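Biologist: Thanks for sitting down with me over this one. Could you walk me through the fold?

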Amino acid sequence: MPGRESPPPRRALLRGAAACFLLALLALLAPLAVPGLSGAQAALPAGGAASLERSIKAAFLYKFLGYAEFPASAFADGAAPLVIGVTGADDLAADLARIVAGRVVQGRPVAVRTLRDQDAPAGVHLLFVGGDDPVRLRNALRAIGAGPTLVVTESQQGLQQGSVINFRIVGERVRFDVSLEAADRNSVKLSSRLLTVANHVHKGAP
């Protein structure tokens with residue numbers, strides 16, 4: 001009919017909704033800007049929902065660093081970087097590397113290391129173990145030992161196996177649970193601001 005505008009394509013609507021969702025999640029965790037994932041630049045990544053979920057988790061990992069306190073012994077010196085190690089999730093590591101490029105958290109530059117299963121995570125402050133492989137997670141936890149490391153997983157039994165933060169999908173949203181017991185065991189102090197936006201905080205054994 002003349003004068004009536006055609007409705008926007010469904011794909012465009014989904015892209016806009018996904019961008020708004022991503023911005024809302026990022027806004028929950030501090031006012032730090034995340035390059036490539038803020039303002040008008042936010043958009044549904046190629047690959048659809050799985051790629052969007054991966055990008056959201058990568059952004060969360062970057063944000064977590066700002067709400068975690070590591071002992072001075074975790075750094076070689078005052079200029080040493082905060083290091084995020086990623087195993088079992090190469091695509092997420094690539095997204096994360098783009099996010100942290102040129103960024104500084106708590107006065108330190110941020111570096112991303114992609115780890116293979118056989119690599120020792122020495123010098124890593126945040127370790128993300130991708131997937132739901134209990135053997136990979138068990139080996140990673142054994143490798144870090146009692147070192148000051150914030151271990152983040154996306155496993156069904158992540159917290160039960162010993163991670164500090166575990167991603168969950170709740171109502172089609174990326175959320176996360178926290179184990180304070182594991183944080184204490186790993187000598188990592190988490191900000192109360194982070195805990196207030198967690199899906200669930202376990203004070204004892206999960």
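What follows is a short talk about the sheet, the helices packed on it and the largest pocket in this predicted model.

Biologist: Happy to start with the sheet; in what order do the strands stand?

Modeller: The sheet is open and is formed by 8 strands. Their pairing is mixed. Read across, the order is 3-4-2-5-6-7-8-10.

Biologist: Which strands stand at the edges?

Modeller: Look for strands that have a single partner strand, so that one side of each is left without a neighbour in the sheet. Two strands fit that description, residues 104–105 and residues 200–202. They are strand 3 and strand 10.

Biologist: Let's look at strand 7, then; how many bridges join strand 7 to strand 8?

Modeller: On one side, strand 7 (residues 165–170) runs parallel to strand 6 (residues 150–153), joined by 2 bridges, and V152 stands opposite I165 there. With strand 8 (residues 173–179) the sense is antiparallel, and F167 stands opposite F176. The number of bridges joining strand 7 to strand 8 is 6.

Biologist: Which residue in the turn of that hairpin has a positive phi?

Modeller: Strand 7 and strand 8 form the hairpin, with 2 residues between them. The positive phi is about 55 degrees, and the residue that has it is G171.

Biologist: What is the bridge partner of S179 in strand 10?

Modeller: Strand 8 and strand 10 pair in the parallel sense, over 3 bridges. In strand 10, the partner of S179 is H202.

Biologist: And the helices: what angle does the direction of helix 3 make with that of strand 4?

Modeller: Helix 3 (residues 90–100) packs on the sheet and touches strand 2, strand 4 and strand 5. Helix 4 (residues 134–144) also packs on the sheet, touching strand 2, strand 5 and strand 6, with about 165 degrees between its direction and that of strand 5. For helix 3 and strand 4, the angle is about 165 degrees.

Biologist: Now the largest pocket; which element gives the most to its lining?

Modeller: The pocket holds about 230 Å³ of space and is lined by 15 residues, with S155, Q156, N166, F167 and R168 nearest its centre. Helix 2 (49–65), helix 5 (158–161) and strand 7 each give two or more residues to the lining. The most, 4 residues, come from strand 7.

Biologist: Last one: how many residues of the lining are polar?

Modeller: Sorting the lining by class gives 3 nonpolar and 5 charged residues. The polar residues number 7.

Terms used. Residues numbered from 1 in each chain as written. Predicted model: local features only at pLDDT ≥ 70, side-chain atom pairs only at ≥ 80, totals over all residues. Heavy atoms only, no water. Pairing = 2+ DSSP bridges. Contact = heavy atoms within 4.5 Å. Axes fitted to C-alpha atoms, helices over the stretch in contact; angles between N-to-C directions. 1 Å grid on protein atoms, 1.4 Å probe; cavity = no way out; pocket = protein on both sides within 12 Å on 5 of 7 lines; lining within 4 Å. Points joined across faces, edges and corners; volume = space filled by probe spheres on them. Nonpolar A, V, L, I, M, F, W, Y, C, P; charged D, E, K, R; others polar.
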